[in-house]
Amino acid sequence: MRRTLAGLLVSEGFRTTWTDRVVLVAEDEARLTAWMYAHLRLTWAEDAEPATIEAELVRRVHPPLNVHGVDPEHVQAAVVAAKNSYNSSSDPVEPLRMP
C-alpha cells in the first residue's frame, strides 16, 4: 500500500532509490508516514482464516487501492499506473568497472 500511495503522490515530489528493490528515500519515507497518519484511518478484525475473509471482503467492497483479487471492472487504472510508475522510478545501479 505504501508504494501505491507514493506512486499516487508523485506530484508531491516523493523520491525513490534502488536498494535490492525500489524504495523511497529515508526523508520521503518519513513524509509518507506523516501523510498516512494525517489522511488515513485503519480498522481490523481477527479471523482464524484471514485469507478467506480478505478475499470475500475484496470481492464485496472493491477497495480502490487493490489491484489483485478485484474483479477487472473494479480495478482503478490510476492505481495500476501509479504502481507501475513507482516500480519503474529507480533502476538497479550498475557496478563501477575498473579499467
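## The buried face of helix α2

Three residues of helix α2, namely Asp28, Leu32 and Met36, are buried in this structure, which is a predicted model. Seen down the axis of α2, the buried residues fall within an arc of 85°, so they line one face of the helix. An α-helix has 3.6 residues a turn, so residues three or four places apart point the same way. On the other side of α2, the residues Ala26, Glu27 and Tyr37 are exposed.

The helix itself has 14 residues, and the distance from its first C-alpha to its last is 20 Å, close to the 20 Å expected at 1.5 Å a residue. As for what lies over the buried residues of α2, the cover includes α1 and β2.

## The largest nonpolar core

The largest nonpolar core of the model has nine residues in all, and these are Leu5, Ala6, Leu9, Phe14, Val22, Leu24, Leu32, Met36 and Tyr86. At least two residues of this core come from each of α1 (2-8), β2 (22-24) and α2 (26-39). Two of the buried residues of α2, Leu32 and Met36, are thus also found among the members of the core.

Leucine 9 is another member of this core, and, when its neighbours within four places in sequence are left aside, leucine 9 is in contact with Phe14, Leu32 and Trp35. Of these partners, Phe14 and Leu32 are themselves listed in the core.

## Aspartate 28 and its surroundings

Aspartate 28 lies in helix α2, and with a relative accessible area of 1% it counts as buried, because buried means under 20%. Leaving aside the neighbours within four places in sequence, aspartate 28 is in contact with Gly13, Phe14 and Arg15. With one of these, the model shows a short approach through the backbone: the backbone nitrogen of arginine 15 lies 2.7 Å from a polar atom of the aspartate 28 side chain.

The side chain of aspartate 28 also meets that of arginine 31 in a salt bridge, with a distance of 3.0 Å from N to O. Aspartate 28 and arginine 31 are three residues apart in helix α2, so about one helical turn separates them. Whereas aspartate 28 is buried, arginine 31 is partly exposed, at 32% relative accessibility. Through salt bridges that share partners, Arg15, Glu27, Asp28 and Arg31 are joined into one network.

## Other salt bridges

How many salt bridges does a search of the whole structure find? The search finds seven, and one of them is formed by the side chains of arginine 2 and glutamate 29, at 2.3 Å from N to O. This pair links distant parts of the chain, since arginine 2 is in helix α1 and glutamate 29 is in helix α2, 27 residues apart. Arginine 2 is partly exposed, with a relative accessible area of 28%, and glutamate 29 likewise counts as partly exposed at 28% relative accessibility.

Another salt bridge joins the side chains of aspartate 20 and arginine 21, with an N to O distance of 3.9 Å. Here aspartate 20 is exposed, its relative accessible area being 63%, while arginine 21 is partly exposed at 46%.

## The loop between α3 and α4

Valine 75 has its place in the loop between α3 (50-61) and α4 (77-87), where it is partly exposed, with a relative accessible area of 29%. Apart from neighbours within four places in sequence, valine 75 is in contact with Val67, Val70 and Val80. Measuring from C-alpha to C-alpha, valine 75 is 8.3 Å in space from leucine 65, and these two residues are ten residues apart in sequence.

Histidine 62 is also placed in the loop between α3 and α4, and at 25% relative accessibility it counts as partly exposed. Most residues other than glycine have a negative phi. Histidine 62, although it is not a glycine, has a positive phi of about 55°.

Definitions and conventions: Residues numbered from 1 in each chain as written. Predicted model: local features only at pLDDT ≥ 70, side-chain atom pairs only at ≥ 80, totals over all residues. Heavy atoms only, no water. Core = buried A, V, L, I, M, F, W, Y, C linked by side-chain atoms within 4.5 Å. Buried < 20%, exposed > 50% of the residue type's maximum accessible area, 1.4 Å probe, protein only. Helix = DSSP H or I, 4+ residues; strand = E, 2+ residues; numbered from the N terminus. Contact = heavy atoms within 4.5 Å. Expected span 1.5 Å × (residues − 1). Arc of directions from axis to C-beta. Salt bridge = Lys/Arg side-chain N within 4 Å of Asp/Glu carboxyl O. Polar contact = N/O pair within 3.5 Å; in protein donor to acceptor, adjacent residues only side chain to side chain.
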